[in-house]
Structures are given as structure tokens and as C-alpha cells.
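Subject: Structure handover

Dear colleague,

Here is the structure we spoke about, with its sequence. My notes follow below it.

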Amino acid sequence: MTAYVFPGQGAQFTGMGKDLYDASPKAKELIDSACDILGFDIRSIMFSGSADDLKQTRVTQPAVFIHSVAAAATIDDFRPDMTAGHSLGEFSALVAAGAMSFEDGLRLVYARAMAMQKACEARPSTMAAIIGLPDELVEKVCAETDGIVVPANYNCPGQLVISGEIETVDKACATLKDAGAKRALRLAVGGAFHSPLMEPARVELAEAIGRTEIKVPVCPVYQNVDAQPSTDPVVIKDKLLRQLISPVRWTQTVLNMHRDGATEFVELGPGAVLQGLIKKCLPNK
């Protein structure tokens with residue numbers, strides 16, 4: 001069985017999607033239509049924008065989504081056995097599985113990006129990557145540090161991203177370095193994604209998700225919140241919304257997909273970050 005996986009924010013690069021656009025009429029149609037849906041020329045930013053242009057959340061999230069869905073559209077007779085996406089990539093995974101249209105997915109991704117940007121500007125916050133410690137120890141330090149800091153991305157064994165208030169994240173990083181972390185480094189992100197500080201964004205996105213049609217997907221979609229397969233549209237909507245304030249359980253997602261029969265993982269979208277994480281989650285496969 002083949003699991004198709006889709007990357008999140010951070011996978012973007014200048015020139016992304018240009019090869020798909022030039023080679024595939026389907027990809028060209030999707031990318032052209034995205035400009036009309038968004039009301040600005042995201043195609044030009046994807047193909048020739050600077051790294052700074054692409055780093056803006058309002059550009060990054062739709063750009064990665066567009067590239068990922070266009071990559072899936074170029075596969076003849078695309079029939080996934082299961083899909084999953086890392087954070088933002090969950091929207092790509094749902095579109096690829098037929099749970100929502102490209103148009104609706106893009107509108108939701110853009111609404112999500114703008115809501116997250118607003119939440120970041122309202123309250124300065126950050127994230128940090130912790131390398132080389134057991135998840136349980138990182139969880140314990142987060143719980144015992146005064147202020148808001150929580151596990152945000154369980155990327156693979158020994159790699160966990162934490163998220164929260166700037167000073168609190170810095171305090172937790174210092175404690176984790178003392179505890180033997182190989183690295184405890186702040187990430188170049190605009191805010192504390194997948195933490196309680198994204199609650200204003202969750203409230204704002206609730207209305208948009210509520211009015212979006214979600215269908216029963218053609219295959220199970222493993223969602224970030226609990227790493228479990230979903231096929232019920234009501235459940236999918238609930239988990240999609242909770243994702244904003246909950247950790248991305250990527251390690252468990254990969255293990256569960258493998259448990260349920262995935263023998264091959266194919267990453268669709270810019271870069272190959274997820275392939276590296278999957279190899280660390282399943283080192284003997």
C-alpha cells in the first residue's frame with residue numbers, strides 16, 4: 001500500500017512549481033486558477049519571488065498547498081491508499097483524498113494563513129527545535145516551566161519542536177540544554193504555531209471551516225491531532241480546527257500508517273523534508 005504525504009510551511013523555495021507548470025496542463029490549470037481565487041499573482045511569487053517574499057505566511061501556506069496539490073494532479077489515475085500532511089499539509093492531503101475541492105481547500109488555507117498571521121502579530125511568540133532528547137523529558141520540562149510553552153511538532157524520535165511565549169521558550173531551551181539536548185534552537189518563524197496562543201486563529205477559522213463542504217474521502221486521511229485515520233466529514237472538520245492549537249503528531253502518524261499496511265511513502269510537494277523524517281521514524285524499513 002502507498003501512503004502519500006504532504007509537507008507544511010518551511011518547504012517553500014524560489015522556483016517552486018515551475019517544472020510542474022511547464023510540464024503538465026493539469027498543474028498549469030490549477031496554478032493559474034489559484035491566482036484568480038486568491039486575487040493576486042501567487043504564480044509569479046512562486047516562480048521568481050525572493051526568499052523573503054515566500055516567507056510571508058500569507059504567501060507561504062497557499063504556495064506550498066498549491067504546489068502539493070498540483071504535484072498530485074500530475075499523477076495519472078491517482079488513487080491513494082492513505083494520505084497525511086504535516087500541519088498545513090493536512091489540507092493538501094484532504095484535497096488529494098477527495099474530501100474537499102482544490103478551490104475550497106485554497107480558500108481555507110488562505111483564511112488560515114491570515115488568521116495565524118493576525119494571532120502572531122497580536123502576541124509575540126516563537127518556536128524552538130529540540131534535538132536529541134526523549135519526548136517525555138521535553139514534555140516534562142514544558143509542563144514545569146512557568147508561562148506558556150508546549151510540545152508542538154513530534155517530527156521523529158529525538159526531534160521535537162516546542163512552541164510558546166518567547167521568554168518561556170528561551171527558559172525551556174536553557175533547561176533542555178542543561179538536560180543534554182544536542183540542540184535547542186529558536187526557529188525563524190513568526191509565532192507559536194500549534195499552541196494555545198493560536199486560539200484567536202482557531203476561533204476565526206471555525207466559521208470558514210463550518211461553511212466548507214467536506215465529503216467522505218476516497219481513502220483514510222491520518223490527521224495531526226491524534227495520528228488516527230479519519231473518513232467522517234464531521235470528525236475531519238473538528239480535527240482540522242483543533243489542529244491549530246494542538247501538536248502535530250507526525251512520528252505516531254508515520255508509525256500508524258505503517259501499522260495499517262503502508263509499505264511505500266511518497267512525498268508530494270516542495271522539498272523532501274518528510275522523507276527524511278519518515279526514515280528516522282522507520283529506520284529499518
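Glu 267 is buried (under 20% relative accessible area, 1.4 Å probe, protein chains only), yet has no salt bridge (a side-chain nitrogen of Lys or Arg within 4 Å of a carboxyl oxygen of Asp or Glu). The nearest side chain of opposite charge, Lys 279, is 8.8 Å away; Lys and Arg count as positive, Asp and Glu as negative, and His and the chain ends are not counted.

This is a predicted model, in which local features need pLDDT of at least 70 and side-chain atom pairs pLDDT 80 or more, while totals for chains, interfaces and linings use all residues. Residues are numbered from 1 along each chain as its sequence is written, and side-chain values use heavy atoms, without hydrogens and water.

Glu 267 belongs to strand S9 (residues 264–267); strands are DSSP E runs of at least two residues, helices H or I runs of at least four, both numbered from the N terminus. Its side chain reaches two backbone nitrogens: that of Val 273 at 3.5 Å and that of Leu 274 at 3.3 Å. Beyond four places in sequence, the contacts of Glu 267 (heavy atoms within 4.5 Å) include Val 5 and Pro 7.

Elsewhere, 4 strands form an open antiparallel sheet in the order S4-S5-S3-S6, with pairing requiring at least two DSSP bridges between two strands. S4 (149–156) and S6 (183–186) are at the edges with a single partner strand each, so one side of each has no neighbour in the sheet. Strands S3 (residues 125–131) and S5 (residues 159–165) are joined by 7 bridges, and Ala 128 has Ile 162 in S5 as its bridge partner.

Regards

Terms used
Buried < 20%, exposed > 50% of the residue type's maximum accessible area, 1.4 Å probe, protein only. Polar contact = N/O pair within 3.5 Å; in protein donor to acceptor, adjacent residues only side chain to side chain.
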